[in-house]
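Visitor: I'd like to know how the words people use for a protein model get justified. Could you walk me through one?
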Amino acid sequence: MKVLLSWMQEFAPEIAGDPIELGEQLSDLGLAVEELKHLGGGLGGIVVARVLDLRKHPDADRIQLVDVDAGDGEALQICCGAFNMSVGDLVPLATIGATMPNGMEIAKRKMRGQTSNGMLCSGAELDLGDDHDGIMVLNGDLAPGTAFAEAMGIEPDVLFDLEVNPNRPDAMSIAGVSRDLAARLCVPFNLPDPTVPAMGSIEGRTSVEVHDSELCPRFGSRVLDGVSVGQSPAWMSQRLLALGMRPINNLVDISNYVMLELGQPNHTYDLDLVPDGHLGVRMARDGDRLTTLDDTERNLIAADGVIVNRADEPIGLAGVMGGASTEISESTTSAVVEAAVWHRIRIAKTARRLNLRSEASARFEKGVDPGGIELALDRFAELAVAAGATAAEGTLVSGPAPVNAPIRVRTHRVNELIGVDLQAGTMKSLLDPIGFETELVDGDLDVTIPTFRPDSDSEIDIIEEVARCHSYSKVAKTVPSSPRSGHLTRRQLTRRRLRSALTGLGLSEAMPLPFLAPGDLTKTGLADDGIVVANPLVAEESIMRTSLLPGMVKAVATNQRHRNGNVALFEIGNTFADEGGELPHETEHVVAVLAGDDASAAVGLWQALAGHVHVPGSRLVDESIAGLHPSRAARVEIDDVTVAVVGEIDPAVLERWEVEGRVAWLDIDLDAVLGFELEPADYLPVSRYPSSDIDLAFEVADGCPAQDLEATLREAGGDLLASLQLFDVYRGTGLPEGTRSLAFGLRLQATDRTLTDDEVASVRQRCIEVVEIQHPARLRG
């Protein structure tokens with residue numbers, strides 16, 4: 001859709017500013033500017049010339065020699081490749097030295113031996129339309145030699161070529177585009193209010209009969225008398241040319257002008273060729289024929305719509321093209337003008353079937369304003385009267401004017417969908433200027449959609465208009481979240497992280513059955529209080545497990561029988577306890593067995609897993625635990641709540657299951673762990689400076705937990721302690737009875753400097769003193 005700035009200013013005189021900025025506003029409104037042209041420039045040196053003679057070029061078939069009078073009365077020879085001129089025609093001549101709008105400079109040159117003293121111009125070469133087919137033949141009584149721009153009344157203007165999407169039928173008119181731009185610029189907009197002095201009455205001059213209201217919901221007509229078919233005024237011709245339409249005669253040009261201005265296609269019939277002025281509307285019948293204005297006979301089918309006369313003969317192809325039998329000609333003195341609303345799909349199918357897509361059908365396919373027929377007919381009559389015709393009083397319209405019911409638009413829904421925070425009053429100020437009638441109701445809006453927006457019929461369509469007028473560029477940019485039907489729970493995430501950590505540490509997942517054979521619990525050193533299954537598949541699977549220990553010991557034994565000795569396995573599963581309820585009480589556990597390792601390996605595994613899922617500070621409490629080594633087992637507590645068990649499996653249990661060597665055991669109560677708030681990860685910078693390692697071995701009583709010494713050392717080491725590890729536990733020669741040696745490796749490192757020997761010695765001495773003060777321990781020499 002092409003629009004002229006000067007034409008838009010007739011609807012909104014205050015539209016002004018830099019054309020580029022205006023184009024950006026149009027694009028932001030959804031009317032993308034594909035091209036912007038400045039018109040009326042580059043016409044210096046172009047004059048009106050009269051054709052005096054036409055001669056064949058002696059040496060070229062596609063060039064003729066044209067003698068023109070450029071205003072001095074002398075014949076000036078021009079070589080021209082167009083043949084649409086006649087002697088006496090007025091044409092634009094680019095004289096020698098002139099520079100064309102495209103930058104080409106005109107010079108005297110020879111064409112096949114004949115001199116050309118300038119160039120005769122087409123409308124496209126003057127940037128006055130898209131007509132490349134021939135030389136522009138000028139209308140009116142113009143004097144040769146007159147400057148072309150002056151003679152044509154051409155003023156500097158700006159042409160916007162817009163991309164109009166199918167959902168914007170209102171933007172297929174100058175008025176529609178002007179309305180949007182005026183609303184964006186917050187300037188007044190007004191539709192024309194035609195003033196038509198009437199002579200005589202329309203009564204008895206024409207009649208309308210619609211046989212298919214679905215095909216044609218509304219059909220209107222007006223009668224014009226005193227018609228004198230001739231040339232259109234220069235201003236109208238120039239506007240039509242700029243928008244890509246060739247001027248034909250004043251009545252046809254007015255028809256096109258009103259269509260471009262208001263978006264309502266219309267058609268004129270020679271009233272003397274329409275018996276009784278009767279216009280009927282019906283669906284075609286198979287076999288109907290119609291010769292259209294392009295002098296082509298069309299074979300119609302029952303899916304086509306037609307306009308017929310009193311004799312029921314087709315005189316027009318509904319919504320596509322008029323018929324040749326009632327065409328306006330130079331002999332026309334009275335005319336009937338019709339404007340209608342047609343069924344969009346039917347018009348589209350007819351135009352596509354006949355390969356006859358016109359400017360009118362393009363608009364009918366998108367949808368026209370069913371309430372705009374009267375305005376379009378009055379505007380046509382006003383322009384026709386200005387051209388010398390008279391208009392009969394009254395407009396004949398069949399079909400009621402449409403009335404749209406208000407639609408409730410919820411403010412919170414608008415903000416939710418667009419991603420903004422607009423008040424209902426702000427939305428009203430956006431919708432009112434583009435023709436939507438709004439009323440504030442309890443913080444929301446009741447909106448009546450105007451009839452010129454047949455594309456909109458629901459709340460979501462109005463929300464789209466709010467977003468468009470508010471400007472999508474003002475909506476904060478966010479990355480939308482993908483639709484999710486669900487998400488992992490905290491338990492699922494923790495379970496997944498533990499499984500990932502265990503496999504990363506080299507353990508393989510085992511999946512023993514949750515059922516045990518009678519005696520398995522006793523064999524593992526546990527209480528024989530398992531729930532008996534009433535209908536087990538086999539007797540060996542008739543007891544519901546109360547611990548994951550029997551199944552994992554059995555898995556180690558199976559692996560050793562297959563000569564796969566030092567296996568490292570883990571399982572995530574439930575235990576079942578009878579607590580008097582209707583169903584067993586289930587507790588989820590994460591357990592691990594490390595064949596060939598001792599209790600310290602189980603402690604190290606716990607520390608690694610606790611660090612991976614950010615379990616808050618815990619402590620080990622020595623305790624005798626069923627199924628585990630009497631002196632190599634402990635509970636893991638957080639705030640006096642047991643969350644895990646670590647240690648070694650009782651050698652007697654291993655012997656009963658025929659398992660060789662020591663086996664470390666870790667049993668985490670996942671339910672208990674999830675009862676605490678897992679701490680977020682604490683990321684520390686990596687130091688670029690060297691570290692210093694020191695080893696400290698303390699002689700401590702057996703009853704003093706190693707973790708207590710570790711906590712004291714961490715506190716004493718402070719920020720300079722990069723890592724701490726218990727690397728040796730010794731009992732035996734050189735140590736008093738009831739004591740053991742705990743050896744710790746400390747790594748000291750600063751993030752901003754290399755530690756000096758004195759700093760390392762100071763930290764070492766502080767660690768020794770604090771441990772010896774707070775615990776029954778002394779540094780071994």
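**Reading the labels**

Guide: Sure, let's start in the loop between β25 (437-441) and β26 (444-448), where D442 lies. Keep in mind that this is a predicted model.

Visitor: Why is D442 called exposed?

Guide: Its relative accessible area is 77%. The word exposed is used for values over 50%, so D442 qualifies.

Visitor: What makes the phi of D442 worth pointing out?

Guide: The value is near 55 degrees, which is positive, and D442 is a residue other than glycine. D639 is another such case: it is not a glycine, yet its phi is positive, about 50 degrees. You'll find D639 in the loop between β34 (628-638) and β35 (641-649).

Visitor: And is D639 buried or exposed?

Guide: Its relative accessibility is 65%. The cut-off for exposed is over 50%, so D639 counts as exposed.

Visitor: Let's try a loop glycine. Why is G244 called partly exposed?

Guide: G244 sits in the loop between α5 (234-242) and α6 (250-262). Its relative accessible area is 42%. Buried needs under 20% and exposed needs over 50%, with partly exposed in between, so G244 gets the middle label.

Visitor: What about buried? Why is R740 called that?

Guide: R740 has a relative accessibility of 7%, and buried means under 20%, so the label fits. Its place is in strand β39 (residues 739-748). A polar atom of the R740 side chain lies 2.7 Å from the backbone oxygen of C704.

Visitor: Now a helix. How do you know that α13 has the length expected of it?

Guide: Helix α13 (residues 490-504) has 15 residues, and its first and last C-alpha atoms are 21 Å apart. At 1.5 Å a residue, 21 Å is what you'd expect, and the match is close.

Visitor: Which residues of α13 are buried?

Guide: Those are T494, L498, A501 and L502. They cover an arc of only 95 degrees around the axis, so they are on the same side of α13. On the other side, R496 and G504 are exposed.

Visitor: What covers the buried residues of α13?

Guide: The cover includes β31 (568-577), β32 (585-595), α16 (599-612) and α18 (670-673). And just after α13, G506 takes a positive phi of about 100 degrees.

Visitor: R490 is in α13 too. What label does R490 get, and why?

Guide: Partly exposed, because its relative accessible area is 38%, and that label covers values between 20% and 50%. R490 touches L674, F676, E677 and L678, leaving out residues up to four places away in sequence. The C-alpha atoms of R490 and L674 are 8.3 Å apart, though 184 residues separate them along the chain.

Visitor: On to charges. Why is the pair D180 and R168 called a salt bridge?

Guide: Their closest N and O atoms are 2.8 Å apart. The cut-off is within 4 Å, so the pair makes it. D180 is in helix α4 (residues 174-185), and R168 is in the loop between β10 (157-163) and α4.

Visitor: How do you know that both partners are buried?

Guide: D180 has 2% relative accessibility and R168 has 5%. Buried means under 20%, so both count as buried.

Visitor: Which other residue does D180 meet in a salt bridge?

Guide: R468, with 2.6 Å from N to O. D180 lies in helix α4 and R468 in helix α12 (residues 459-470), so this pair ties together parts that are 288 residues apart in sequence. R468 is buried, just as D180 is. These residues belong to a network of salt bridges that links R168, D170, D180, R453, D455, E465 and R468.

Visitor: How many salt bridges are there in the whole structure?

Guide: The search finds 49. One of them joins R753 and E759, with N and O atoms 3.0 Å apart at the closest. R753 has 32% relative accessibility and E759 has 25%. Partly exposed starts where buried, under 20%, stops, so R753 and E759 both count as partly exposed.

Visitor: Last one: which residues touch the most other members of the largest nonpolar core?

Guide: M8, I15, F160, L224 and W342, out of 88 residues in that core. A second, separate core has 32 residues, including L507, F570, W606 and A664.

Key. Residues are numbered from 1 along each chain as its sequence is written. This is a predicted model: local features need pLDDT of at least 70, side-chain atom pairs count only at pLDDT 80 or more; totals for chains, interfaces and linings use all residues. Side-chain values use heavy atoms; hydrogens and water are left out. A nonpolar core is a set of buried Ala, Val, Leu, Ile, Met, Phe, Trp, Tyr and Cys residues joined through side-chain atoms within 4.5 Å. Buried means under 20% relative accessible area, exposed over 50%, partly exposed in between (1.4 Å probe, protein chains only). Helices (H or I, at least four residues) and strands (E, at least two) are DSSP runs, numbered from the N terminus. A polar contact is a pair of N or O atoms within 3.5 Å; within protein, one must be able to donate a hydrogen and the other to accept it, and residues adjacent in sequence count only if both atoms are side-chain atoms. The expected span of a helix is 1.5 Å times one less than its number of residues. The arc is that of the directions from the helix axis to the C-beta atoms. Contact means heavy atoms within 4.5 Å. A salt bridge is a side-chain nitrogen of Lys or Arg within 4 Å of a carboxyl oxygen of Asp or Glu.
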